[in-house]
Amino acid sequence: MQQTQLTSYHVWDRGIRWFHWINVLSVLTLLGTGLVIFNGKTIGLAGDAKILMKELHVWAGYLFATNLAWRIVQGFSGGRFARWRAILPFSNGYLTELRAYLGSLRSGKPRPYLGHNPLGKLMVMLLFLLLTSQAITGLFIAGTDLYYPPLGGWIAEWVAPAGVDPASLVPGDKSMVDAAAWSEMRDLRKPFIITHVWVFYSLLAAVVLHVVGVVVAEVRERSGLVSAMITGDKVLAKPPVDLSEPCE
């Protein structure tokens, strides 16, 4: 019996791997704390405990947003497989490549890739859109709930009544705020909350779909997707389709 020749290729640099796992941990923390906050009334979360949970959620959000911002920069300045042209479905010939990949799946002989396959690029685009939406809306809400940066100072000045130092306002205490200004602020906040909640559920569904896709790809393609995000190397039995694509 002829033995299959396996070849190792270095794909994901250390920075991309760090981004991935920091993102996983911060998103899981945000999902968990977000569910607790959203169901606070049901589980009896109130007072200082609710504020503490929101603070944990926001600090995890800062880590998440900083990590995401760094990854966005890497999309312009990182290595070959970190660039936007390599991970988003907008390159020349993408639709042709997608049809070829789907055909290979139907035949039971999926085309191997060093970077993301055509379906993976669609998932990457969806995840980045959802993650960016959560970061933007979350940073705004942090200012309205806790007077936290980057907009917390402005929110505090808005709702503080005359003669009251905005810095003295206490999160969760409405007795120190101007009622009319508070109502206006909450009206402005409402679409951000609605978007944050809907994107939360969309992101949860996308994460599940992403994990299922990775498991299916691992089983069918045997390219070591999970181990590659730890070691940076993919081990393939056939030459990858994108081996000779230009780096720039």
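Where is the place of Tyr 147? Hold that thought for a moment, everyone, and keep in mind that we are looking at a predicted model.

So, the answer: Tyr 147 sits in the loop between α6 and α7. Its phi is positive, about 60 degrees, although Tyr 147 is not a glycine. As general background, most residues other than glycine have a negative phi, and most peptide bonds are trans. Tyr 147 is also buried, with a relative accessible area of 14%.

Stay with me in that loop, where we also find Pro 150. The peptide bond leading from Pro 149 to Pro 150 is cis, and its omega is near 10 degrees.

Now let's move along to helix α8. It covers residues 179-221, which is 43 residues. From first C-alpha to last, α8 reaches 60 Å, close to the expected 63 Å. Still, α8 has a kink of about 35 degrees at Arg 189, shortly before Pro 191.

What happens at the start of α8? There, a side-chain oxygen of Asp 178 comes to within 3.2 Å of the backbone nitrogen of Ala 180.

Next, please look at the buried residues of this helix. Among them are Trp 182, Met 185, His 196, Phe 200 and Leu 203, and Arg 189, where the kink lies, is buried too. The buried residues of α8 pack against α1, α3, α5, α6, α7 and α9. Notice that α6 and α7 are the helices on either side of the loop holding Tyr 147.

And after α8? What follows is Arg 222, with a positive phi near 50 degrees. Thanks for listening!

Key. Residues numbered from 1 in each chain as written. Predicted model: local features only at pLDDT ≥ 70, side-chain atom pairs only at ≥ 80, totals over all residues. Heavy atoms only, no water. Helix = DSSP H or I, 4+ residues; strand = E, 2+ residues; numbered from the N terminus. Expected span 1.5 Å × (residues − 1). Bend = angle between axes of the 7 residues up to and from the residue. Buried < 20%, exposed > 50% of the residue type's maximum accessible area, 1.4 Å probe, protein only. Contact = heavy atoms within 4.5 Å. Polar contact = N/O pair within 3.5 Å; in protein donor to acceptor, adjacent residues only side chain to side chain.
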